[in-house]
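User: I would like to go through the labels used for this model one at a time. For each, please set the value against the cut-off and then conclude.

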Amino acid sequence: MKGRWIILASTLSLAGCVATVDYRDRGGEPAPLPPPPPPPEATISISADVEPFYDALRPYGRWVVLDRETVWVPRVEAGWRPYTTGHWIMTEYGWTWVADEDWGWAPFHYGRWHYAPSYGWVWHPARVWGPAWVAWRNGGGQVGWAALPPDVDFDGRNGFRFRGRPGDFDSAIRPEHWNFVEERFMAEPRLRARIAPPARNVTVINVTRNVTNYTVVENRIVNNSIEVNRIERVVGRPVPRARVVDDGRPGRPGDRADEVHFYRPGFGGAGRAADARPTPQQEQRQAQDEQRRAQDEQRRAQDEQRRAQDERRAQEQRQAQDEQRRAQEQRQAQDEQRRAQDEQRAQAERQAQAERANPRMFPRRNPADQERRQPQQPADQRQAAERQAGERSGAAQQAADAAAAQRQLRDRQAREVRDLERRQADERRRASGAEAAALEKKHAAERADLQKRQDAERKAAAKDRPAPQRKERQNDEQR
């Protein structure tokens, strides 16, 4: 009997050893291989990113070297995923994750996660504190979040960058790694029971869109990905709000009615983005990004210079054409005036020849009759001549007024172009790299609107311009 008890005790002891297992994600993942034995402690490099967390997290998992990087493997139950055992609250940092794990102060607010087939979920330490380093999806009454992989960086000027370039996270996060709940459950204190099975994630992803939105406000990283007003309307009550308070020692984040306590070691206690020291890989990516942004800015400046040169050439060409048109109109007016004078002299010459050829048809009158009747016939001629001269003068004045109005229109449009170019240049100098693309689209739209409006003004001015000497040509044809 005693031997049986010894065998039974040994069996239970072995069963107890097997009961504590490292995490293996069963949500759509193939069964992982047995974990390799932990490497010797001497082979683990304790870098500046690892040092603040190394001793505090050792009781809850183990540190391993994966792809020449020291990472942490939590000791959790099967089926566990990051950001599943806890709840969301609103703080001055936006949506903030409050974990139920005793070690949740570190891996859910620093660094990144990824799934390794040989170990399960592993955590990559970093030094930037955030309310939660997750991507977000929303739509169709569903809210989803997933841990960000190590390839995703964040800085206050450019936001998130995937492998050094802007982009979404759909290509970086596998569908089974998302955690989806209905919007009405978003503010519940225990979310794990509300999270949909990973097998449904592909269907939910098709009705949602990526809404990840982190900003820096007063040197704080703020998570504004989900509209809190929308969640409050859905649940029918206010979302809990609290103030983040620094705790003096590691442990489970504690939340009260109006505050939540976090341990944030070695970074000035504020958890601000400015306190973070980037890794060499991050510094290299940042340098590459800066070089790429400088090249883009240089190309944009060259494009702006070419556009300005093209606009100046086009404006000079339009001015030359306008000058040529004004000179042609002036020559036409002078030609019309000469033709009118020549016609008047020819008419007087024909009348004189007719009088000399047929003196009987033009009898001589006594001086009294000639003096009395002479003004009547020349009066009609003088009136016709005065009328013609008035019409020519009016036409010339109209042509001069039209030319002056055209010059004023060109000068005003040129000033508008110069003012727009100067203002856009000032905006580009003040804009940051993240705003440059949107600012370029805005500037292009402004230039197109200005060009369209100026073209319409020129067409309207050309339409309202009177045809030169039209009345005079009609009068000549009638005569």
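The exchange below takes up a sheet, a core, some ring pairs and a few single residues.

User: What kind of model is this, and how many helices and strands are in the protein?

Analyst: The model is predicted. The protein has nine helices and 17 strands. Of its 479 residues, 38% count as buried. About 28500 Å² is exposed, and carbon and sulfur atoms supply 49% of that area.

User: What makes strand S8 largely enclosed?

Analyst: Strand S8 covers residues 142–147, and six of the six are buried, so the rest of the structure largely encloses the strand. Buried means under 20% relative accessible area. Both faces are covered: Gln142, Gly144 and Ala146 are buried on one side, and Val143, Trp145 and Ala147 are buried on the other.

User: How do you know that S7 and S8 pair?

Analyst: Pairing needs at least two bridges between two strands. S7 (residues 134–139) and S8 have six bridges, in the antiparallel sense. Therefore they count as paired. In S8, alanine 147 is the bridge partner of valine 134, and tryptophan 145 is the bridge partner of tryptophan 136. The hairpin of S7 and S8 has two residues between the strands, and glycine 140 there takes a positive phi near 60°.

User: Which strand is joined to S8 by four bridges?

Analyst: That is S11 (residues 179–182), which runs antiparallel to S8. Four bridges against a requirement of at least two makes this a pair as well. Phenylalanine 180 in S11 is the bridge partner of glycine 144.

User: Why are S11 and S12 placed at the edges of the sheet?

Analyst: The sheet is open, with four strands in the order S11-S8-S7-S12 and antiparallel pairing. S11 and S12 (209–210) each have a single partner strand, so one side of each is left without a neighbour in the sheet.

User: What makes a set of residues a nonpolar core, and which residues have the most contacts inside the largest one?

Analyst: The residues must be buried, of the nonpolar kinds that count, and joined through side-chain atoms within 4.5 Å. The largest such core has 65 residues, and those with the most contacts inside it are Tyr83, Trp88, Trp95, Trp113, Trp136 and Trp145. Leaving aside neighbours within four places in sequence, tyrosine 83 is in contact with residues including Trp97, Trp113, Trp133, Trp145 and Ala147. A second, separate core has seven residues, among them Val64, Val71, Val73 and Val122.

User: Why is the pair of phenylalanine 53 and tryptophan 123 called edge-to-face?

Analyst: Ring centres must lie within 6.5 Å, and planes over 60 degrees apart count as edge-to-face. Here the centres are 5.2 Å apart and the planes meet at 85°, so both conditions are met. Phenylalanine 53 lies in helix H2 (residues 51–57) and tryptophan 123 in strand S6 (residues 120–124), so the pair ties together parts that are 70 residues apart in sequence. Phenylalanine 53 is buried at 0% relative accessible area, and tryptophan 123 is buried at 0% too. The whole structure holds 30 aromatic pairs.

User: What makes the pair of phenylalanine 154 and phenylalanine 160 tilted?

Analyst: The ring centres are 4.9 Å apart and the planes are at 55°, which is neither under 30 nor over 60 degrees, so the pair is tilted. Phenylalanine 154 counts as buried at 16% relative accessibility, and phenylalanine 160 is buried at 12%.

User: How do you know that glutamate 176 is buried?

Analyst: Its relative accessible area is 12%, under the 20% cut-off, so glutamate 176 is buried. Glutamate 176 lies in the loop between strand S10 (159–162) and S11. Its side chain makes a polar contact with the side chain of arginine 174 at 2.7 Å, and the limit for such a contact is 3.5 Å.

User: Why is aspartate 67 called exposed, but asparagine 219 partly exposed?

Analyst: Aspartate 67 has 71% relative accessibility, which is over 50%, so the label is exposed. Asparagine 219 has 32%, between the 20% and 50% cut-offs, so the label is partly exposed. Aspartate 67 lies in the loop between strand S1 (61–66) and strand S2 (69–74), and asparagine 219 lies in the loop between strand S13 (214–217) and strand S14 (220–223).

User: What is the phi of aspartate 67, and what is the phi of asparagine 219?

Analyst: Aspartate 67 has a positive phi of about 55° although it is not a glycine. Asparagine 219, also not a glycine, has a positive phi of about 65°. Most residues other than glycine have a negative phi.

How values were computed. Residues numbered from 1 in each chain as written. Predicted model: local features only at pLDDT ≥ 70, side-chain atom pairs only at ≥ 80, totals over all residues. Heavy atoms only, no water. Buried < 20%, exposed > 50% of the residue type's maximum accessible area, 1.4 Å probe, protein only. Areas by Shrake-Rupley, 256 points an atom, 1.4 Å probe, with all protein chains shown as cover. Contact = heavy atoms within 4.5 Å. Polar contact = N/O pair within 3.5 Å; in protein donor to acceptor, adjacent residues only side chain to side chain. Phe/Tyr/Trp six-rings, centres within 6.5 Å; stacked < 30°, edge-to-face > 60°.
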